[in-house]
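Colleague: Could you walk me through this model, one question at a time? I am new to this, so please explain the terms as we go.

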Amino acid sequence: MSTAGSTTGTAITGSGVWHPETVISNAELCEAFNVWVRRENAAHAAEIAAGTREPLRESTPEFIEKASGIKQRYVADRSGILDPERMIPNIPDRPDDQLAIQAEWAVHAARRALTQAGREGKDVDYVVLAASNLQRLYPALAIEVLDALGGAGSALDMALGCSSATMAITLASEAVQLGKARCAVAVTPELTTGFINWRDRDSHFIFGDAAVALVVEPVASARPGSYEVLSTRSMARFSSNIRNNGGFLNRCDPARQFDADKLFYQQGRRVFKDVVPLAARFIGEHLAAAGVAATDVARFWLHQANSNMNDLIAQRLLGRRPTALEAPLILEEFANTASAGSAIAFSKYSDDLPAGALGLMASFGAGCSLGSLLLRRR
Ligand code: COA
């Protein structure tokens with residue numbers, strides 16, 4: 001069920017985050033959503049009065065912040081999301097000779113990560129591009145990114161729900177460990193606003209857009225201050241609690257082509273209940289296998305889906321509530337950026353740890369999939 005690997009010999013030498021500058025606050029999001037709710041209820045007033053239809057309920061900023069810790073989200077486009085007639089972002093299709101939008105976001109983040117690593121695009125010989133949702137099937141976005149960076153070598157796309165980023169870093173680390181690559185980039189462009197059902201009260205507030213990239217190199221040539229990858233762990237157990245049935249077969253059944261299951265949907269409460277013990281046990285087992293006590297870990301860069309969930313997982317591991325720096329949160333600013341969250345938390349909160357400090361990056365989400373990396377600052 002669970003696989004572990006010692007990847008000693010590799011290090012994360014740089015990281016970079018990029019996000020669109022456009023922001024939607026909880027208040028703005030709810031205002032537009034509630035206009036739509038009132039219009040729908042007015043349009044179906046007779047059925048609601050007859051008891052044959054349930055009225056839609058309004059969404060509140062207070063609930064969102066309390067239930068998730070989210071205050072705002074970065075988005076590719078506000079105009080379409082906040083238009084109660086549309087409630088879908090406006091993202092124009094691009095011609096084939098232009099960089100695809102997810103590739104563009106990946107390049108922005110990768111350039112930042114390469115700068116921190118002291119490398120250039122031409123040094124890159126391996127790209128793993130991973131995201132919960134990929135905008136196309138082929139050519140692989142990773143190849144487009146490798147080309148745009150000016151690198152040469154091999155590249156692949158992969159998707160593993162909210163564990164896409166940790167698995168990409170693991171694959172990049174393994175490629176370097178095997179001598180297949182010397183400057184690998186794991187990059188995660190999460191364009192989440194394209195797959196949210198903005199008309200679903202239970203989930204319209206969850207996600208935000210962002211891209212994150214990490215550079216992995218042999219530890220022998222890694223710059224001081226980089227993070228050695230001590231070991232990795234991953235686990236998969238099938239679950240439909242979080243699902244998105246969007247795909248190339250959708251048009252083959254026109255009657256169901258645009259049903260809500262062709263976008264992100266979840267059993268949120270069940271996810272919460274299942275994932276907290278599972279993730280705590282998974283991380284605990286990873287640390288035990290490495291002979292490390294949870295209290296010896298200076299920082300947990302946890303998947304960023306819900307602040308209450310992260311608090312509980314860290315509490316189970318530490319036996320007490322974590323401090324803000326032991327398990328930092330980026331949810332207030334970024335919302336849930338699907339698989340990018342734990343890597344963004346790493347990128348934002350890794351400069352201050354002293355040499356020798358241990359940190360653990362972990363993700364948990366759709367699949368169900370879990371992934372973790374035990375790191376030591378050099
Ligand atoms: N605005 C106002 N109230 C809302 C609301 C909204 N947008 N959405 C739900 N509510 C209400 C519900 O109607 C319910 O009230 P009721 O009991 O009177 O009907 C109450 O709030 C609680 O609803 P519930 O769905 O149980 O909320 P929750 O506390 O479980 O929080 C999530 C919802 C999604 C934030 C939470 O379950 C979660 O984060 N789960 C994990 C999700 C996750 O990690 N997914 C992975 C994605 S990568």
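Colleague: How do the residues lining the second largest pocket divide by class?

Modeller: First, this is a predicted model, where local features need pLDDT of at least 70 and side-chain atom pairs count only at pLDDT 80 or more, while totals for chains, interfaces and linings use all residues. Residues are numbered from 1 along each chain as its sequence is written, and side-chain values use heavy atoms, with hydrogens and water left out. Ala, Val, Leu, Ile, Met, Phe, Trp, Tyr, Cys and Pro count as nonpolar, Asp, Glu, Lys and Arg as charged, and the others, Gly among them, as polar. On that basis the lining of the second largest pocket has 14 nonpolar, 11 polar and five charged residues.

Colleague: Which element gives the most to the lining of that second largest pocket?

Modeller: A pocket is found on a 1 Å grid over the protein atoms alone, as an open set of points with protein on both sides within 12 Å along at least five of seven lines; lining residues have an atom within 4 Å of a point. The elements that give two or more residues to the lining are α3 (61-68), α7, α8 and β13, where helices (H or I, at least four residues) and strands (E, at least two) are DSSP runs numbered from the N terminus. With five residues, the top contributor is α7.

Colleague: Which helix gives the most to the largest nonpolar core?

Modeller: A nonpolar core is a set of buried Ala, Val, Leu, Ile, Met, Phe, Trp, Tyr and Cys residues joined through side-chain atoms within 4.5 Å, and buried means under 20% relative accessible area, with a 1.4 Å probe and protein chains only. The largest one has 56 residues, and I283 and L287 are among those with the most contacts inside it. Elements that give two or more residues to this core include α1 (26-43), α7 (268-290) and α8 (307-318). The most, nine residues, come from α7.

Colleague: Which elements do the buried residues of α4 pack against?

Modeller: Helix α4 covers residues 101-117, and its buried residues include I101, W105 and L114. Contact means heavy atoms within 4.5 Å. The packing partners are β2 (10-18), β5 (126-130), α5 (141-149), β7 (184-190) and β8 (210-218).

Colleague: Which residue follows α4?

Modeller: Look just past the end of the helix, which runs over residues 101-117. The residue there has a positive phi, near 75°, and is G118.

Note on methods:
Buried < 20%, exposed > 50% of the residue type's maximum accessible area, 1.4 Å probe, protein only. Expected span 1.5 Å × (residues − 1).
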